Amino acid sequence: MMKSTSFAMGAILLLAGLSFAAFMNTTPNNMGIPLKPSRIFTLSLVLLAVLAYREMSRGGSNVNGAFNNYKAGQGPESTKTEGGHIRYVHERIPTDVSQARIADFHALMSSRRTIRFFSPDPVPKNIIMDCLATAGTAPSGAHCQPWHFAVVAADDVKAKIRDAVEREEKLNYERRMGREWVDEVHGMVSDLPEAYVKPYLTDAPYVIVVFKRKQCEEGPSRYPEESVGLACGLLLAALQVANLVTVTSTPMGAEKTIRDLLGRPASDKVFLLMPVGYPSSNATVPYRTKEELRLPLPSIVSLFE
């Protein structure tokens, strides 16, 4: 089913054309408008057809409904093997549709920036949960899925997290971090009152605390660091698709306090703090030239053909 914005706009224009045609049929044409009602109707219908064809030919590559026609996953139960596997079903799509989709996705992800200034405007909880469900699709060592996401919306709990982080962060800047490290991060936090101050931990409607679990359901986790990192990458992409922003923060020194506050076992380690929401109306980001913003492809890719 197509859910394209442009298709919807075409439908609106068609309805507008029909309405205007009906109006012209019942109203004396004293406005000097040369278009006849039948022509308005025809033009609207043609526009709708063109937009519909464009969407079908691209496979719905706009963000709305971008992946509706893509089918992949486990096959029917009857395809199970004696070794405990099952047939994988994968429907190929035309390469031009693939190209259009990845071009759209790359353009969307290229607009991602780390944001430290948040609006208090609420975000529907189901959007956050869908983003986390997406993160949970990440591959993991031995399929342990060694992650846990604590979603904090309660103001008092967010305030306690912020207090713990700021106390430790002040010590980090004053004693633990070397001068070179402090200088490196200065440009990223220069719009904050002080480098160690973290208003985003209470301004954002949600703070997602990502935990790395050393123990999974069936024993020790395998490659937990890499696995949780993959899940966080998918979470970042999902938040961008959902029109939300975040900052990935490592609460050095405050991990145990946060873990105890959220009632997680000692085997869980805080991996990241991710405030999530919409940017404030006056949000800023460090200025980057086009060359500075993203490394060029040849510098991050080696191709062997």
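Reader: Across which strands does helix α8 (residues 224–241) lie, and at about what angle does this helix run to β8?
Author: In this predicted model, helix α8 spans residues 224–241 and lies across β3, β4, β7 and β8. Taking the direction of β8 as the reference, the angle to helix α8 is about 5°.

Reader: In what order do the 4 strands of the open sheet stand?
Author: The pairing in this open sheet is antiparallel. Its edges are β3 (147–152) and β7 (245–246), each of which pairs on one side only. With these two strands at the ends, the order of the sheet reads β3-β4-β8-β7.

Reader: How many bridges join strand β4 to strand β8?
Author: Strand β4 covers residues 206–213 and strand β8 covers residues 268–277, and the two run antiparallel. As a point of reference along this pair, V207 stands opposite P275 in β8. The number of bridges that join β4 to β8 is 8.

Reader: At about what angle to β3 does helix α4 run?
Author: Helix α4, made of residues 125–135, lies across β3, β4 and β8. One residue whose number falls in that range, C131, is buried, with a relative accessible area of 3%. Relative to β3, helix α4 runs at about 165°.

Reader: How many disulfides does the count come to?
Author: A disulfide is a covalent bond between the sulfur atoms of two cysteines. The sulfur of C144, a residue that is buried at a relative accessible area of 14%, has its closest cysteine sulfur in C216, at 3.1 Å. That distance is too far for a bond, given that the cut-off is 2.5 Å. For the structure, the count of disulfides comes to 0.

Reader: Which residue meets K212 in a salt bridge?
Author: Side chains of opposite charge can pair when their charged atoms come close. The contact made by K212 is 2.8 Å from N to O, and the pair links distant parts of the chain, with K212 in strand β4 and its partner in helix α8, 13 residues apart. K212 is buried at a relative accessible area of 15%, whereas the partner is partly exposed at 41%. That partner is E225.

Reader: Is D268, which forms a salt bridge with R264, buried or exposed?
Author: The closest N and O atoms of D268 and R264 are 2.8 Å apart. R264 is partly exposed, with a relative accessible area of 22%. For D268 the relative accessible area is 1%, which, being under the 20% limit, makes this residue buried.

Reader: Which residues are joined into one network by salt bridges that share partners?
Author: A search of the whole structure finds 10 salt bridges, one of which brings together the side chains of D260 and R259 at 3.8 Å, N to O. In this pair, D260 is partly exposed, with a relative accessible area of 43%, while R259 is buried, with a value of 10%. The network formed through shared partners consists of K256, R259 and D260.

Reader: How many contacts does the model have beyond four places in sequence for residues 48–53?
Author: The mean pLDDT of the protein is 81, and 70% of its residues reach 70 or more. Over residues 1–8, however, the pLDDT is below 50, and this stretch has 18 contacts in the model beyond near neighbours in sequence. For residues 48–53 the pLDDT also stays under 50, and the number of contacts beyond four places in sequence is 8.

Technical notes. Residues are numbered from 1 along each chain as its sequence is written. This is a predicted model: local features need pLDDT of at least 70, side-chain atom pairs count only at pLDDT 80 or more; totals for chains, interfaces and linings use all residues. Side-chain values use heavy atoms; hydrogens and water are left out. Two strands pair if DSSP finds at least two bridges between them. Contact means heavy atoms within 4.5 Å. Axes are lines fitted to C-alpha atoms, for helices over the stretch in contact, and angles run from 0 to 180 degrees between N-to-C directions. Buried means under 20% relative accessible area, exposed over 50%, partly exposed in between (1.4 Å probe, protein chains only). pLDDT is the predictor's confidence in each residue, from 0 to 100. A salt bridge is a side-chain nitrogen of Lys or Arg within 4 Å of a carboxyl oxygen of Asp or Glu.
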